[in-house]
Amino acid sequence: MELNQETIMKANFLQKESQEMEQRLEMVENQIQVYESFNESLKELSKSNETEILSSLGKGVHIPAQLKSKELFVEVGQGFLVKKKISEVLETIEEQSKRLKDARMQMRTRIEIYNSALQGIVSQIEQMQAEKK
């Protein structure tokens with residue numbers, strides 16, 4: 001068995017794909033955390049009897065605000081807002097979170113496949129080096 005250019009290229013490809021998948025996995029993990037945090041905040045809001053909140057204006061700036069209702073305005077694209085109940089928003093968040101968790105599982109599986117294939121190539125190389133001695 002001879003270490004050829006194709007084997008080296010395949011190993012490099014697998015390593016690169018694995019690293020890229022791990023970076024995408026990290027982004028998905030971060031998104032899942034954002035959704036989970038947002039989910040908890042909405043649940044707290046739905047249970048709360050408070051009539052005053054701090055509302056974010058963006059860039060870390062907040063303003064005290066009075067709650068007139070617990071209906072939310074959700075941006076649906078191009079600046080359009082739709083009025084929704086907290087329960088509806090929670091349902092949407094849970095669906096999106098589930099899709100991200102499914103994607104996370106698929107990414108982990110692909111990373112395992114890449115790493116397993118790469119380990120197989122490394123084992124072949126080690127075996128070839130041992131045979132040469």
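Reader: What makes Ile63 partly exposed?

Author: Happy to explain! This is a predicted model, and in it Ile63 has a relative accessible area of 40%. Buried would mean under 20% and exposed over 50%, so Ile63, at 40%, counts as partly exposed.

Reader: Where does Ile63 sit, and which residues make a nonpolar surface patch with Ile63?

Author: Ile63 has its place in strand S2. Together with Leu57 and Val61, Ile63 makes a nonpolar surface patch of about 280 Å². Residues in a patch need over 30% relative accessible area, and Ile63 has 40%.

Reader: How do you know that strands S1 and S2 pair?

Author: Two strands pair if there are at least two bridges between them. S1 (residues 52-58) and S2 (residues 61-66) share 6 bridges, in the antiparallel sense, so they pair by that definition. One of the partnerships links Glu52 with Gln66 in S2. In the hairpin of these strands, 2 residues lie between them, and Lys59 takes a positive phi near 55°.

Reader: What pattern does the protein chain follow along the sequence?

Author: The pattern reads α-β-β-β-β-α, with 2 helices and 4 strands.

Reader: Why is the protein chain called more spread out than a compact globule?

Author: For 133 residues the globule rule gives 14 Å, but the radius of gyration is 25 Å, which is well over that value, so the protein chain is more spread out than a compact globule. The C-alpha trace spans about 80 × 25 × 25 Å along its principal axes.

Reader: How many of the 133 residues are buried, as a percentage?

Author: Buried residues make up 20% of them.

Technical notes
Residues are numbered from 1 along each chain as its sequence is written. This is a predicted model: local features need pLDDT of at least 70, side-chain atom pairs count only at pLDDT 80 or more; totals for chains, interfaces and linings use all residues. Side-chain values use heavy atoms; hydrogens and water are left out. Patches are made of residues with over 30% relative accessible area and no salt bridge: like charges are joined within 9 Å, nonpolar side chains (Val, Leu, Ile, Met, Phe, Trp, Tyr) within 5 Å. Accessible areas come from the Shrake-Rupley method with a 1.4 Å probe; for residues, only the protein chains shown count as cover. A salt bridge is a side-chain nitrogen of Lys or Arg within 4 Å of a carboxyl oxygen of Asp or Glu. Buried means under 20% relative accessible area, exposed over 50%, partly exposed in between (1.4 Å probe, protein chains only). The radius of gyration is taken over C-alpha atoms; the globule rule is 2.2 Å times the number of residues to the power 0.38.
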